[in-house]
Amino acid sequence: MVILGPESVVLTDRVTVVTGAASGVGAATARAYARFGADVAICDRNAAGLAETAAAVRAVGRRAIEAVIDVRHADAVRSHIAEVAATFGKIDVLVNNAGGSFLADFMATNDKGQQAMIDENFTQCTTFIRECVPFMSRGAGGSIINITSIEAGQAAPGFGVYAAMKAAMESLTESLALELGPAGIRVNAIALDAVHTAGDANMMAQVDQPGIAFEPTYTPPLGWFADADDAAGVCVFLAGDLSRFVTGCSIAVDGGNGAAKGWRRLPRESNYRT
Ligand SMILES: NC(=O)c1ccc[n+]([C@@H]2O[C@H](COP(=O)([O-])OP(=O)(O)OC[C@H]3O[C@@H](n4cnc5c(N)ncnc54)[C@H](O)[C@@H]3O)[C@@H](O)[C@H]2O)c1
């Protein structure tokens, strides 16, 4: 039975692994996990940003392991997780957050570019899962959180391979919820949109160019854009006991953009926050 109170929200002494933690959603999630009592293992290819996140974790009295790696390199992932396991002895939470894309029409994407998108948004996530799960099974169970996108369930012209890989992660989330459920491991996705981060600004700048045929809906139905803490809050929920019966689902953190489908909020009402 879960006792509903602050003790079921905190993550005291849990061991969490967050990928892509130098900036944006990953950095906010790692910082939040530490504030809620967890130790944090973080990785990113951006050394300076990663050091800032690690310092923030230590500043609230929690332990941090940091690895400057490209998550597409499976050997680097394996040695990072081996260090995490050797140091902490278990893993409770994995947040597969690292990912991203660049604008390129499908027909202009060559094999190498496509493989890079597959490795970046799918294959490396599967490596992290395979490496972390043995150390989750040792404890009381665990929680895997795959950061996807509303593009997993809709068209994404110019980002087709990226969107297909996010859809693949949503599919894998459902299959693994069943395969890993008996071991007490929950697997969920968080489908993001309209969260202001450097990565999001970069993608929006690419579609905000002359000659682009399509643009995505900009203003969420809620009327404002999220910051990374809005996504991190849901990562806290899915890591903890409050969500212990939640598995195999995708939670939209998108201000309503996924639900809106063809409807869009008029631009004159954009950019306010209540
Ligand atoms: N911000 C949004 O609205 C939004 C929308 C849809 C999906 N997402 C997803 O959310 C996740 C986080 O994105 P964000 O918005 O915080 O962007 P971000 O660019 O601010 O953060 C991504 C972090 O991951 C790191 N990273 C990316 N590829 C890496 C690699 N190969 N090796 C090591 N580190 C790597 C980057 O250095 C960066 O620190 C991504 O998976 C992205 O696809 C975000």
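Angles between elements run from 0 to 180 degrees and compare N-to-C directions, each axis being a line fitted to C-alpha atoms. With that in hand, here are the close-ups, all taken from a predicted model.

**View 1. Helix α5 lies across three strands.** Residues 160-180 make up helix α5, which lies across β5, β6 and β9. Relative to β6, helix α5 runs at about 160 degrees. One residue to pick out on this helix is Lys-166, which gets its own view further down.

**View 2. The whole fold, before zooming in.** The protein has 8 helices and 9 strands. Its radius of gyration is 18 Å, close to the 19 Å that the globule rule gives for 274 residues, so the protein is as compact as a globular protein of that length. Measure it out along the principal axes and the C-alpha trace spans about 55 × 45 × 40 Å. Of the 274 residues, 45% count as buried. As for contacts with a separation of 6 or more, 75% of them come from residues 24 or more positions apart.

**View 3. An open sheet of 7 strands.** Reading across the sheet, the order is β3-β2-β1-β4-β5-β6-β9, and the pairing is parallel. Strands β3 (64-68) and β9 (250-253) sit at the edges, each pairing on one side only. From one strand to the next, the twist averages 15 degrees. Helix α1 packs on this sheet, touching β1, β2 (39-44), β4, β5 and β6 (185-192). The direction of α1 makes about 170 degrees with that of β1.

**View 4. Strand β4 and its partners.** Which strand pairs with β1 over 3 bridges? That's β4 (residues 93-96), which runs parallel to β1 (residues 15-19). Two partnerships to look for here are Val-18 of β1 with Val-95 of β4, and Thr-16 with Val-93. Strand β4 is also joined to β5 by 4 bridges, again with the two strands parallel. In that pairing, Asn-96 stands opposite Asn-146 of β5. Both faces of β4 are covered. Val-93 and Val-95 are buried on one side, while Leu-94 and Asn-96 are buried on the other.

**View 5. The shell around the ligand.** There are 28 residues around the ligand, and the ones that come nearest are Gly-20, Gly-24, Gly-99, Thr-197 and Gly-199. Three elements give two or more residues to this shell: α1 (24-35), β5 (142-149) and α6 (198-207). How do the shell residues divide by type? They come out as 9 nonpolar, 12 polar and 7 charged.

**View 6. Lys-166, a buried lysine.** Back on helix α5, we zoom in on Lys-166. Is Lys-166 buried or exposed? Lys-166 counts as buried because it has 28 C-beta neighbours inside 10 Å, and 20 are enough for that label. Setting aside neighbours within four places in sequence, the contacts of Lys-166 are Asn-121, Thr-148, Ser-149, Glu-151 and Ala-152. For a sense of scale, Leu-4 is 162 residues away along the chain, and its C-alpha atom is 33 Å from that of Lys-166.

**View 7. Two residues with a positive phi.** Most residues other than glycine have a negative phi. Asp-13 and Ala-194 are worth a look on that score. Asp-13 is not a glycine, yet its phi is positive at about 65 degrees. You'll find Asp-13 in the segment before β1. Ala-194 also has a positive phi, near 60 degrees, and belongs to the loop between β6 and β7 (195-196). What about their surroundings? Asp-13 counts as exposed because it has 12 C-beta neighbours inside 10 Å. Ala-194 counts as buried because 22 such neighbours lie inside 10 Å.

**View 8. His-73, in a loop after β3.** The loop shown here lies between β3 and α3 (74-88) and holds His-73. With 15 other C-beta atoms within 10 Å, His-73 is partly exposed; that label goes to residues falling between the buried cut-off of 20 or more and the exposed cut-off of 12 or fewer. The C-alpha atoms of His-73 and Asp-44 are separated by 12 Å, with the two residues 29 apart along the chain.

How values were computed: Residues are numbered from 1 along each chain as its sequence is written. This is a predicted model: local features need pLDDT of at least 70, side-chain atom pairs count only at pLDDT 80 or more; totals for chains, interfaces and linings use all residues. A residue is near a molecule or strand if its C-beta atom, placed from the backbone, lies within 6 Å of it. Ala, Val, Leu, Ile, Met, Phe, Trp, Tyr, Cys and Pro count as nonpolar, Asp, Glu, Lys and Arg as charged, and the others, Gly among them, as polar. The radius of gyration is taken over C-alpha atoms; the globule rule is 2.2 Å times the number of residues to the power 0.38. Two residues are in contact if their C-beta atoms, placed from the backbone, lie within 7 Å. Two strands pair if DSSP finds at least two bridges between them.
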